[in-house]
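Grab a pencil and work through these short exercises with the structure open beside you. Each one sets a task and then walks through a solution.

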Amino acid sequence: MEGDAFHDEQQYQEALDEWDFVEAQGGKQLATLQSGDSYSRVLSQRLITDFIQIVEGPRCAAILEANELSLFSKIRRYIFGPPLLEKRCREKLASILSLTKLSLGALPEETQYEVLATLYENLTTEPCPRRYGSHWQKIGFQGNDPATDLRGVGVFGLWLLLRLSEDSVVKKSFSQSCTKSPDSYPFCTCMMTLCKATMTLAKEGALNKYIEEKTIEDVTYHVFRQIFISFECEYSKSEEKGVLAAGEISRKIDKNPKKYVRISSILVSPV
């Protein structure tokens, strides 16, 4: 009996601690919004600044230096691209791409909850119940822990999705996708595939031409947003709807993302 009482008391204290944390995060969000900033934007920027390069990013064409290329490769890149980046941009892009190798579990627990809860509230306009649970399926993750769906893109995918979730176009699309009609599909799961397509473009150097004219963060996000709009367009035109159709379209975009995005338009897109 005493053991049960101790266990109940411990659970009660843990529940109190969790609620105190949730209330504290709500206060932080309120203060941020009162200052006129977007809380999601502030939080997504923190993901970039606080956790960048915790792990080593992937070696890829986008961040190669001239001295790492053979003479033939240098000539080929000079003619066909992608352009080589100056040191400052190369290091920043490498840092951004390091987030693709960073798992959600590597972040502090309070940060995991803060980011995921903000994403959940942006999409549903409802408070997030807790870190784990079936409620994540409501926004289109496959199970009780979103970390499972983030394995292919890491925190990079979560960062992009967090920024996208505050967009009014996305909120409308989400509200249509999460219904229980035959047209519904798992929103966040499909978005992870589109994050992967964005990651591919960045790694191949398709963004190199533009990231010296705008911040790497904005270029990457605007490309992701365009890919999302292409997905929505393809899905709306498709005769077939539902999970299978959405999955097929997202995989088709991931297979050849250059076909679905006009990268040059990011230079005139609003931030």
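**Exercise 1. A pair within one helix**

Task: Find the salt bridge between the side chains of Glu91 and Lys87, and work out how the two residues sit relative to each other in the helix.

Solution. Before we start, keep in mind that this is a predicted model.

Step 1: The side chains of Glu91 and Lys87 meet in a salt bridge, at 4.0 Å from N to O.

Step 2: Now look at the backbone. Both Glu91 and Lys87 belong to helix α4 (residues 87–98), and they are 4 residues apart, about one turn of the helix.

Step 3: Why does that spacing matter? An α-helix has 3.6 residues a turn, so residues three or four places apart point the same way.

Step 4: Check how open the two ends are. Glu91 has 43% relative accessibility, so it counts as partly exposed. Lys87 is exposed, because its relative accessible area is 54% and the cut-off for exposed is over 50%.

**Exercise 2. A pair between two helices**

Task: Say which helices are linked by the salt bridge of Glu234 and Lys252.

Solution.

Step 1: Start with the pair itself: the side chains of Glu234 and Lys252 form a salt bridge, with N and O 3.3 Å apart.

Step 2: Place each residue. Glu234 is in helix α9 (residues 216–237) and Lys252 is in helix α10, 18 residues apart, and the pair links distant parts of the chain.

Step 3: Compare with the accessibility values. Glu234 comes out as partly exposed at 22%, and Lys252 is partly exposed too, at 40%.

**Exercise 3. More charged partners**

Task: Describe the salt bridge of Glu86 and Arg88, then find a network of salt bridges elsewhere.

Solution.

Step 1: Glu86 pairs with Arg88, and their closest N and O atoms are 3.2 Å apart.

Step 2: Glu86 is partly exposed, with 38% relative accessibility, while Arg88 is exposed at 57%.

Step 3: For the network, look at Arg46, Asp50 and Glu114, which salt bridges link together.

Step 4: To put these into context, the whole structure holds 13 salt bridges.

**Exercise 4. Two helices side by side**

Task: Decide whether helices α8 and α10 run roughly parallel or roughly antiparallel.

Solution.

Step 1: What do we need to know? Two packed helices are described by the angle between their axes and the distance between the axes.

Step 2: The axes of α8 (residues 187–204) and α10 (residues 243–255) come within 8 Å, and they cross at roughly 5 degrees.

Step 3: Angles under 35 degrees count as roughly parallel, so α8 is roughly parallel to α10.

Step 4: See who makes the contact. On the α8 side, the residues include Cys190, Thr193 and Leu194. On the α10 side, Ala246, Gly247 and Ser250 are among them.

**Exercise 5. Around helix α3**

Task: Find out how well α3 is covered, and which residues make the nonpolar surface patch that includes Ile75.

Solution.

Step 1: Count the buried residues. Among the 10 residues of α3, 1 is buried, so the helix is hardly covered.

Step 2: Pick out Ile75, which lies in α3 (residues 71–80). Ile75 is partly exposed, at 43% relative accessible area.

Step 3: Together with Leu71, Tyr78, Ile79 and Phe80, Ile75 makes a nonpolar surface patch of about 670 Å².

Step 4: Look just past the helix: Gly81 follows α3 and has a positive phi, near 85 degrees.

**Exercise 6. Two loop residues**

Task: Say whether Asn208 is buried or exposed, then do likewise for Thr125.

Solution.

Step 1: Asn208 sits in the loop between α8 and α9. With 2% relative accessibility, Asn208 is buried, because the cut-off for buried is under 20%.

Step 2: Leaving aside neighbours within four places in sequence, Asn208 is in contact with Ala62, Arg77, Pro82, Pro83, Leu85 and Leu93.

Step 3: Thr125 is in the loop between α5 (109–124) and α6 (154–164). Thr125 counts as exposed, at 70%.

Step 4: Check the backbone of Thr125: phi is positive, about 60 degrees, although this residue is not a glycine.

**Exercise 7. The whole protein**

Task: Say how many helices and strands there are.

Solution.

Step 1: The protein has 10 helices and 0 strands.

Step 2: Of its 271 residues, 47% are buried.

Note on methods. Residues are numbered from 1 along each chain as its sequence is written. This is a predicted model: local features need pLDDT of at least 70, side-chain atom pairs count only at pLDDT 80 or more; totals for chains, interfaces and linings use all residues. Side-chain values use heavy atoms; hydrogens and water are left out. Patches are made of residues with over 30% relative accessible area and no salt bridge: like charges are joined within 9 Å, nonpolar side chains (Val, Leu, Ile, Met, Phe, Trp, Tyr) within 5 Å. Accessible areas come from the Shrake-Rupley method with a 1.4 Å probe; for residues, only the protein chains shown count as cover. Buried means under 20% relative accessible area, exposed over 50%, partly exposed in between (1.4 Å probe, protein chains only). Axes are lines fitted to C-alpha atoms, for helices over the stretch in contact, and angles run from 0 to 180 degrees between N-to-C directions. Angles under 35 degrees count as roughly parallel, over 145 as roughly antiparallel, 65 to 115 as roughly perpendicular and the rest as oblique. Contact means heavy atoms within 4.5 Å.
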